[in-house]
Amino acid sequence: MLHSLKRFCSRYPVTALFLAVAVGLFLAVQAYRISHRTSGQNGFDDALWKLGAVQPLVFVHDHPLIEEKDYPTGGPFDLWAGEWWRILVSGFHHGDILHLVMNCVAIAFLGHLIESVMRRWVYVLFLILATFISLLPEYYWEHYPVGLSGAAFAMFGMLILLRQTNEHIAEVFTEREIHWGLGWLFLCFVLTYLGIMNIANAAHVAGFLYGLLAGVVLTNQSRFASLLRYAFVVSHLLLIPATWLVCHPYWNGKYYWYLARHSDDLDQRIAYLKTGVKLSPGEPKIGAELALSLYRTEKVPFDSWETILQSLKRNRSYEKGVDLARLIWKQFDSDEQKAKALKKMSEIFGSESEAWSDRLQLAQTEMVQTDAPPPGVGDGPTGDLLFLNRSNSQKKSLKPRDLTAPPVDPGSPQSAVEGVTL
């Protein structure tokens, strides 16, 4: 077996090197876990992140932006910071040994056919581009896959065209292999739909289409072949704006929360958070942080009061938002201010206003005490209150008449904090 492996590496060095990187990274992840004494999925995800893979904050447990463990606002923050190379590195990582072996076997079989008929430097570029391009659609849909299956499907798509002009490839890569490959592509959709496996189908399809297109360009023998190849090469420049959009997802509210966290200007931070709330109203932390930022700018915090109530209406389970609402209520000194605040509550909650009044303890004389700065003080990040120790705050508050009011509606997708299934 060792002799066969050595012969394969000498005859197909590019394919062998491609697989060696994947195997090496898999071993490096295991070594990292052993050296740092981490176990389970959390330790595995941390190792992937440390070794260059794209991982959203919810899967990384020592990321510098993590401050709230219960309901963090997730996202691929390193990617948003411009570390686009993590997309390519993610392709060489794998979820487990079975995932690695399946991709290695497929790429070894497909690769030895392609490498024998293609210039090595062209083959290297094809593999790298296929890996990168196949993963891009996954990030547009906020998926964070790992693995070389997208590149494998690109090789599969290319061979469908190459077999038409190469007799040796046609003898080895037969109709049976094509049916098996297409069947697996379809089966992956079924397994994902049934919830049996979470498979990066967008990467498979993108890789397959890229491979087909590359195959059409390579096998074209018409008088327009040179023009077609030139257009194909130039079209890769579109990767620049495509990658920029992945790193700057202006349609994602969590991205604006990330920008707000890195802005030193309070007005700019508020503008980012308002956009974030508009785009992702179901993200409780964005709404709460906007309310707290507004609170710092107001003498009488009516805007922050309205903001936190709107956020709580959409995210009923966010107890730290309840803490913030209680803090803001304490700033209404006069009966006139309180009446105006209660009117706003009635407009927002309607028939549930009384239940929310009970939950927020508006009728109690003793409210939750916090160390949050008063309005207008400080210009740093506004996350202090969002990470209060709830056990301490509850000791200082009176028990409301109905701690469960208003009830969480299991039938409403807006009744729970993101990530909690009811």
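**Exercise 1. Split the lining of the second largest pocket into classes, then place that pocket in the chain.**

Solution. Start with the classes: 15 nonpolar, 4 polar and 2 charged residues make up the lining of the second largest pocket. Keep in mind that you're looking at a predicted model. Next, the volume, which comes to about 620 Å³. Now find the middle: 21 residues line this pocket, and Trp121, Val122, Leu218, Phe232 and Val233 are the closest to its centre. Last, the elements. H7, H8, H11 and helix H12 (225–235) each bring at least two residues to the lining.

**Exercise 2. Describe the largest pocket: its volume, its lining and the helix that gives the most to that lining.**

Solution. The volume first: about 1500 Å³ for the largest pocket. Its lining takes in 47 residues, and those nearest the centre are His99, Ser149, Ile199, Ala200 and His204. Two or more lining residues come from each of these elements: helix H3 (40–50), helix H6 (97–115), helix H7 (120–140), helix H8 (149–162), helix H10 (175–193) and helix H11 (201–219). Which one gives the most? That's H6, with 8 residues. To finish, sort the lining by class, and you get 27 nonpolar, 15 polar and 5 charged residues.

**Exercise 3. Find out which residues enclose the largest cavity.**

Solution. There are 3 cavities of 30 Å³ or more to pick from. The largest cavity holds about 80 Å³ of space. Around it you'll find Pro76, Leu79, Trp80, Tyr139, Tyr140, Glu142, Tyr144, Val246, Pro249, Trp251 and Asn252. H4 and H7 each supply at least two of the lining residues. By class, the lining has 9 nonpolar, 1 polar and 1 charged residues. Hang on to Glu142 from this lining, since Glu142 also turns up in a salt bridge.

**Exercise 4. Work out what kind of aromatic pair Trp84 and Phe132 make, and what the pair ties together.**

Solution. A pair of aromatic rings is described by the distance of the centres and the angle of the planes. So take both values in turn. The ring centres of Trp84 and Phe132 are 6.3 Å apart, and their planes stand at 80 degrees. A pair needs centres within 6.5 Å, and planes over 60 degrees apart count as edge-to-face. That's why this pair is edge-to-face.

Now for the location. Trp84 sits in the loop between helix H4 (77–80) and helix H5 (85–92), while Phe132 belongs to helix H7, so the pair ties together parts that are 48 residues apart in sequence. Are the two partners buried or exposed? Trp84, at 46% relative accessibility, is partly exposed, whereas Phe132, at 9%, is buried.

Zoom out a bit: the model has 24 aromatic pairs. One aromatic cluster is formed by Phe77, Trp80, Tyr255, Tyr256, Trp257, Tyr258 and Tyr272. Trp80 from this cluster is also one of the residues lining the largest cavity.

**Exercise 5. Look at the salt bridges of Glu142, Arg316 and Glu306, and say which parts of the chain each one links.**

Solution. The total is 10 salt bridges. Begin with Glu142, whose side chain meets that of Lys254 at 3.2 Å, N to O. Glu142 lies in the loop between H7 and H8 and Lys254 in helix H14 (residues 253–261), with their positions 112 residues apart in the chain. Glu142 is partly exposed, with a relative accessible area of 33%, but Lys254 is buried, at 10%.

Next, Arg316. Its salt bridge goes to Glu352, with the closest N and O atoms 3.0 Å apart. Arg316 is in the loop between H17 and helix H18 (319–329), and Glu352 is in the loop between H19 and helix H20 (353–360), so parts 36 residues apart in sequence are tied together. Arg316 is buried at 13%, and Glu352 is partly exposed at 24%.

Finally, Glu306. Glu306 and Lys344 meet in a salt bridge of 3.9 Å, N to O. This pair links helix H17 (residues 302–314), home of Glu306, to helix H19 (residues 335–349), home of Lys344, across 38 residues. Both partners are partly exposed, Glu306 at 29% and Lys344 at 24%. Add Glu347, and salt bridges that share partners join Glu306, Lys344 and Glu347 into one network.

Terms used: Residues are numbered from 1 along each chain as its sequence is written. This is a predicted model: local features need pLDDT of at least 70, side-chain atom pairs count only at pLDDT 80 or more; totals for chains, interfaces and linings use all residues. Side-chain values use heavy atoms; hydrogens and water are left out. On a 1 Å grid over the protein atoms alone, a cavity is a set of points where a 1.4 Å probe fits but cannot get out, and a pocket is an open set with protein on both sides within 12 Å along at least five of seven lines; lining residues have an atom within 4 Å of a point. Grid points are joined across faces, edges and corners, and a volume is the space filled by probe spheres set on the points. Helices (H or I, at least four residues) and strands (E, at least two) are DSSP runs, numbered from the N terminus. Ala, Val, Leu, Ile, Met, Phe, Trp, Tyr, Cys and Pro count as nonpolar, Asp, Glu, Lys and Arg as charged, and the others, Gly among them, as polar. Rings of Phe, Tyr and Trp (its six-membered ring) pair if their centres lie within 6.5 Å; planes under 30 degrees apart count as stacked, over 60 as edge-to-face and the rest as tilted. Buried means under 20% relative accessible area, exposed over 50%, partly exposed in between (1.4 Å probe, protein chains only). A salt bridge is a side-chain nitrogen of Lys or Arg within 4 Å of a carboxyl oxygen of Asp or Glu.
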